[in-house]
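The following exercises are to be worked with the sequence and the three-dimensional structure at hand. Each task is followed by a solution in steps.

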Amino acid sequence: MGATNDSTFSHFILIGFSDRPDLERVLFAIILPAYLLTLLGNSTIILVSRLDPHLHTPMYFFLTHLSFLDLSFTSCSIPQLLYNLSGPDKTISYVGCVLQLVLFLGLGGVECLLLAVMAYDRFVAICKPLHYMVIMSPRLCVGLVSVAWSCGVANSLAMSPATLSLPRCGHRRVDHFLCEMPALIRMACVNTAVVEGIAFILAIGIVLSPLVFILVSYGYIVRAVLRISSAAGRQKAFNTCGSHLTVVSLFYGNIIYMYMQPGHSSSQDQGKFLTLFYNIVTPLLNPLIYTLRNKEVKGALRRLLLGSRETGKVRAGSRWTRGKLSW
């Protein structure tokens with residue numbers, strides 16, 4: 001009977017922060033401008049990377065995908081959160097809840113793998129600089145991004161039906177501000193050990209394996225940088241990787257805690273704030289990290305804002321603008 005009732009749900013109730021009305025008003029005042037800045041910052045990164053020929057390189061091709069992921073990741077949950085924070089209505093349609101879950105799992109998986117791809121790009125740039133443009137060909141870059149997207153989608157298609165099929169025995173109150181997998185698992189009125197076990201196994205492939213790859217890549221990078229005799233050369237190499245390493249730390253610090261221990265094992269209130277952090281803070285900071293620490297992006301922004309383009313030969317990106325593929 002519980003399963004039958006579940007299938008007829010027209011909506012869920014997102015509890016979110018409704019037990020703290022004063023906090024809701026504060027969060028709305030903070031999240032709204034942060035969301036608008038996130039849209040502006042990531043859209044700017046995408047436009048600059050596409051419009052400036054100096055940035056037609058593998059690194060900025062991957063960065064464009066990262067910014068698109070951040071835009072999508074944030075937009076699948078924050079508008080609904082702002083709506084629920086602004087008034088007494090805390091509902092979300094069943095279809096809306098399914099879409100949130102599918103997108104959240106899919107986009108999160110893609111971002112984990114994309115960060116690993118970006119680590120490989122930095123590894124080749126530092127450890128094999130003379131062969132960089134040969135190894136990181138347009139075909140390989142498209143292939144790596146395609147694999148990341150395919151695995152993220154596969155993860156979502158595996159976990160979303162498994163989570164949604166759990167009997168909820170008429171429960172429709174989601175103790176979260178979005179339809180996230182751990183919150184939906186907690187609603188189940190049956191033993192969820194099997195689903196949690198599947199989630200843990202998939203998390204090893206989607207979350208932990210890319211992280212291990214990133215750490216190994218940076219181990220080789222650090223060893224290569226320490227062999228550089230010039231202090232200026234070492235500083236330049238560390239600056240090249242600093243932005244990516246900062247983004248990895250922000251993203252993985254939260255997502256590992258959330259998804260390696262789903263269901264009842266994590267604190268619900270702590271989980272809400274951690275989810276809010278990587279939903280709005282991380283996508284907001286990513287454009288700032290890449291622009292403030294990157295002279296190429298700042299130079300591209302300056303050229304676009306001033307309406308002047310250099311007509312000289314583009315050194316790093318020449319093959320990408322004149323080659324088989326142009327992004």
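For the first exercise, a patch is made of residues with over 30% relative accessible area and no salt bridge, and nonpolar side chains are joined within 5 Å. The model is predicted.

**Exercise 1. A surface patch and a neighbouring loop**

Task: Identify which residues form a nonpolar patch on the surface together with Val95, and determine where Leu103 lies.

Solution.
Step 1. Val95 is joined by Leu99 and Leu103, and the accessible area of the three together is about 270 Å².
Step 2. Leu103 belongs to helix 5, which covers residues 94–127.
Step 3. With a relative accessible area of 38%, Leu103 is partly exposed; because patch membership requires over 30%, this value is sufficient.
Step 4. Turn next to Cys76, found in the loop between helix 3 (58–75) and helix 4. Its contacts, leaving aside neighbours within four places in sequence, are with Gln100, Leu103 and Phe104.
Step 5. Cys76 and Leu103 are 27 residues apart in sequence, while their C-alpha atoms are 6.9 Å apart in space.
Step 6. Cys76 has a relative accessible area of 12% and is buried, because the limit for that class is under 20%.

**Exercise 2. Overall composition and cores**

Task: State how many helices and strands the protein chain has, and find which helix gives the most to the largest nonpolar core.

Solution.
Step 1. The protein chain has 13 helices and 3 strands.
Step 2. Of its 327 residues, 49% count as buried. The accessible surface comes to about 15,300 Å², and 67% of this belongs to carbon and sulfur atoms.
Step 3. Contacts between residues at least 6 apart in sequence are considered next: 81% of them join residues at least 24 apart.
Step 4. The largest nonpolar core has 65 residues, and those with the most contacts inside it are Ile31, Phe62, Leu66, Leu115, Ile214, Tyr252 and Leu276. Helix 5 gives the most to this core, with 15 residues.
Step 5. A second, separate core has 19 residues, including Ile92, Leu101, Met187 and Ala199.
Step 6. Tyr252 can be examined in detail: beyond four places in sequence, Tyr252 touches Cys112, Leu115, Ile206, Val207, Pro210, Leu211 and Ile214.
Step 7. Helix 4 (residues 78–85) is mostly covered, with 6 of its 8 residues buried. These are Ile78, Gln80, Leu81, Leu82, Asn84 and Leu85.

**Exercise 3. Salt bridges**

Task: Find how many salt bridges the whole structure holds, and explain why the pair of Glu24 and Lys90 ties together separate parts of the chain.

Solution.
Step 1. Side chains of opposite charge can pair when their charged atoms come close.
Step 2. A search of the whole structure finds 4 salt bridges. In one of them, the closest N and O atoms of Glu24 and Lys90 are 2.8 Å apart.
Step 3. Glu24 lies in helix 2 (residues 21–51) and Lys90 in the loop between helix 4 and strand 2 (91–93), so the pair ties together parts that are 66 residues apart in sequence.
Step 4. Glu24 is buried at 9% relative accessibility, and Lys90 is buried at 11%.
Step 5. Asp175 and Lys272 also meet in a salt bridge, at 2.9 Å from N to O. This pair links distant parts of the chain, 97 residues apart: Asp175 is in the loop between strand 3 (173–174) and helix 8 (181–186), and Lys272 is in helix 11.
Step 6. Asp175 is partly exposed, with a relative accessible area of 23%, whereas Lys272 is buried at 4%.
Step 7. Asp121 forms a salt bridge with Arg122, the closest N and O atoms being 2.7 Å apart. Both Asp121 and Arg122 are buried.

**Exercise 4. Two residues on helices**

Task: Decide whether Asn286 is buried or exposed, and repeat the decision for Leu215, buried or exposed.

Solution.
Step 1. Asn286 is placed in helix 11 (residues 268–292), and its relative accessible area of 2% makes it buried.
Step 2. The side chain of Asn286 makes a polar contact with the side chain of Asp70, at 2.7 Å.
Step 3. Beyond four places in sequence, Asn286 touches Leu66, Asp70, Glu111 and Val247.
Step 4. Leu215 lies in helix 9 (residues 193–226) and counts as exposed at 57% relative accessibility.
Step 5. The C-alpha atoms of Leu215 and Ala116 are separated by 9.3 Å, although the two residues are 99 residues apart along the chain.

Technical notes:
Residues numbered from 1 in each chain as written. Predicted model: local features only at pLDDT ≥ 70, side-chain atom pairs only at ≥ 80, totals over all residues. Heavy atoms only, no water. Patch = residues over 30% accessible without salt bridge, like charges linked within 9 Å, V, L, I, M, F, W, Y side chains within 5 Å. Areas by Shrake-Rupley, 256 points an atom, 1.4 Å probe, with all protein chains shown as cover. Salt bridge = Lys/Arg side-chain N within 4 Å of Asp/Glu carboxyl O. Helix = DSSP H or I, 4+ residues; strand = E, 2+ residues; numbered from the N terminus. Buried < 20%, exposed > 50% of the residue type's maximum accessible area, 1.4 Å probe, protein only. Polar contact = N/O pair within 3.5 Å; in protein donor to acceptor, adjacent residues only side chain to side chain. Contact = heavy atoms within 4.5 Å. Core = buried A, V, L, I, M, F, W, Y, C linked by side-chain atoms within 4.5 Å.
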